[in-house]
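Welcome! Here is a short briefing to read alongside the sequence and the 3D view.

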Amino acid sequence: MASQILNDLMSYHVHVGPLSHNFVYILKNLSTSPYKYNLNLNLSSSVPLFLSSSTLRSTKSPSNLRKAMAQYKYNGAFYDLSLLLLMFIFSQRFFLVDSTTDPADIKVLKDLKNGLNPKSIVPGSCLSSWDFTLDPCDHVFSNHFTCGFRCDRVVSGSFRVTEITLDPAGYSGSLTSTTWSLPYLQTLEISDNSFSSSIPDSLSNLTRLRRLSLSRNSLSGPIPDSLGSLSQLHELYLDNNELNGPIPLTLNKLVSLKRLEVQRNNLTGKIPKLGSLRNLCFFDASDNELSGEVPLTLPKALVEVSVRNNNLQGNLPESLANLGYLQVLDLSHNRLCGPVISVLFDHLSLQQLTLSHNNFTSLEVPSNYVNSRLIALDLSYNELRGLLPASIGLMPKLSALSLEHNKFTGMIPMEYAMKAAVPAGAGTTASFQRLLLGGNYLFGLIPAAFIGLKPGSVNVSLVDNCLYMCPDRFFFCQGGVQKSLVDCKNFGPVIP
């Protein structure tokens, strides 16, 4: 057999010189590469070499090697025998570390599929292609395992599942059908499906998990305390489910967490103290039934906080000033009261503040408005009283202001009118693109700067006030009438 191979090789022999350093380097590193590969090298100026992992794995005997070499004829030339023998030796070693999936990982994948409603596994979906008569990691992205997971070689001699990312195919069933014993899993993404079980405690077995996304399913029951043991978790998405009960205090142990989304569930109780989550940048608990006050201590790294549409009560804490990176704060649709504190207006990073649909009664606008970074301010549907603060119209970056449906009185400040009349980009400060003042008790004449505004140039509304004249020919007076004289007089003696 060896003589036949030699004869065949020598009949196509061409000398290509010593092995290049690049080729030796690649041979060394392919033994640790977690991926299937294609090797395409030029070992001389005229003879290219193309190898694939599947070809080398099939080259397990001299006869197969001789057959495989027939693929590498280029202009009637072959590589020298020393190179081919090295390829043969390497193929033997590579075969010993083939991408064989760890049996425990295969069991979890099987149990996951078996726990689903078979009718929800539709043709063309990832799970419909999972064929466990074959090795999963050895056939990932093939016709037998087209998608849904990823493998990496993390232990010599075997491959482990490091990612499960199911497609949004409408899978239904339970997450409790498996032990989730996947010690090397880093990502579990099953969002946009129809899973309907509780969240199993066994997810705590995923000790290397960095991203857990269970969003937009029909999961029910409480958030398990055991999730607090996932010390390497960076992202936790539990939103848009039917979860109930409190946000567990144990989540405060997730010191690596950067993003926490639990919005659109049925969560109750108070927002727990999350001060230990020093890396948390994004927190969304909107559309739940959370109660209590805004926590005095929040993670200082927060960039965006949204707890709208809950049952929060009480005053805003002055400690919000300590959130030095905060850009977005949405506490709308709650029962917060007291003043809108001044630290939110001259905050050094806050750009979007939404406090609409609460019970705030006054504004603490600072005299030094120049420091304000606010771009959008929504204080509509509160109980705010008094005169409109002129300094709001002088905030340099503010372009959207909504004070609708409060109890403001007095005349419209000229600063508001001028900021709306200046074309966008014409000055050093931002102009109003949206100015909504309807539903108050403003009186007097319409500021002259409004008269020249053209429909579509800016969104302005002055309806449902006590203005002297606001005819429909002005677009900002359309959509509603002014209050009756009786209503305006009954509001208080301020209105003449």
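Phe450 and Phe476 are both buried. Please keep in mind that this is a predicted model. The points below start from these two rings and then move on to other aromatic groups, a sheet and a helix.

**Aromatic rings**

- By the ring-pairing rule used here, the count comes to 9 aromatic pairs.
- One of them is edge-to-face: Phe132 and Phe145 lie 5.6 Å centre to centre, with 70° between the planes.
- This pair links distant parts of the chain, with Phe132 and Phe145 13 residues apart, each in the loop between α6 and β3 (149-155).
- Phe132 is partly exposed, at a relative accessible area of 22%, whereas Phe145 is buried, at 0%.
- Phe450 and Phe476 have ring centres 5.7 Å apart and planes at 45°, so this pair is tilted.
- The Phe450 and Phe476 pair also links distant parts of the chain: Phe450 belongs to helix α8 (residues 448-451), Phe476 sits in the loop between β29 and α9 (485-491), and 26 residues separate them.
- Phe132 and Phe145 belong to one aromatic cluster together with Trp130 and Phe149.

**Charges over rings**

- The charged end of Lys419 sits over the ring of Phe432, 5.5 Å from its centre.
- Lys483 lies over the face of Tyr441, and here the distance to the ring centre is 4.5 Å.

**A parallel sheet**

- Four strands make an open sheet in the order β23-β25-β27-β29, and their pairing is parallel.
- Which strands stand at the edges? They are β23 (385-387) and β29; each has a single partner strand, so one side of each is left without a neighbour in the sheet.
- Strand β25 (residues 407-410) pairs with β27 in the parallel sense over 2 bridges, and Gly410 has Leu442 of β27 as its bridge partner.
- On to the next pairing: β27 and strand β29 (residues 466-467) are also joined in the parallel sense over 2 bridges, with Phe443 opposite Cys466 of β29.
- Strand β27 (residues 441-444) is covered on both faces. Tyr441 and Phe443 are buried on one side, while Leu442 and Gly444 are buried on the other.
- Tyr441 therefore appears twice in this briefing: this buried residue of β27 is also the one whose ring face has Lys483 over it, with "buried" standing for under 20% relative accessible area.

**Helix α6**

- How many residues does helix α6 have, and what span should they give? The helix covers residues 103-114, and at 1.5 Å a residue its 12 residues should span 16 Å. The C-alpha atoms at its ends are 16 Å apart, which agrees.
- At the N-terminal end of α6, Asp102 acts as a cap: one of its side-chain oxygens lies 3.0 Å from the backbone nitrogen of Ala104.
- The buried residues of α6 are Asp105, Ile106, Val108, Leu109, Asp111, Leu112 and Lys113.
- Among the elements that cover these buried residues of α6 is β4 (158-165).
- As background, an α-helix has 3.6 residues a turn, so residues three or four places apart point the same way.

Conventions: Residues numbered from 1 in each chain as written. Predicted model: local features only at pLDDT ≥ 70, side-chain atom pairs only at ≥ 80, totals over all residues. Heavy atoms only, no water. Expected span 1.5 Å × (residues − 1). Buried < 20%, exposed > 50% of the residue type's maximum accessible area, 1.4 Å probe, protein only. Contact = heavy atoms within 4.5 Å. Polar contact = N/O pair within 3.5 Å; in protein donor to acceptor, adjacent residues only side chain to side chain. Pairing = 2+ DSSP bridges. Phe/Tyr/Trp six-rings, centres within 6.5 Å; stacked < 30°, edge-to-face > 60°. Lys NZ or Arg CZ within 6 Å of the ring centre and 35° of its normal.
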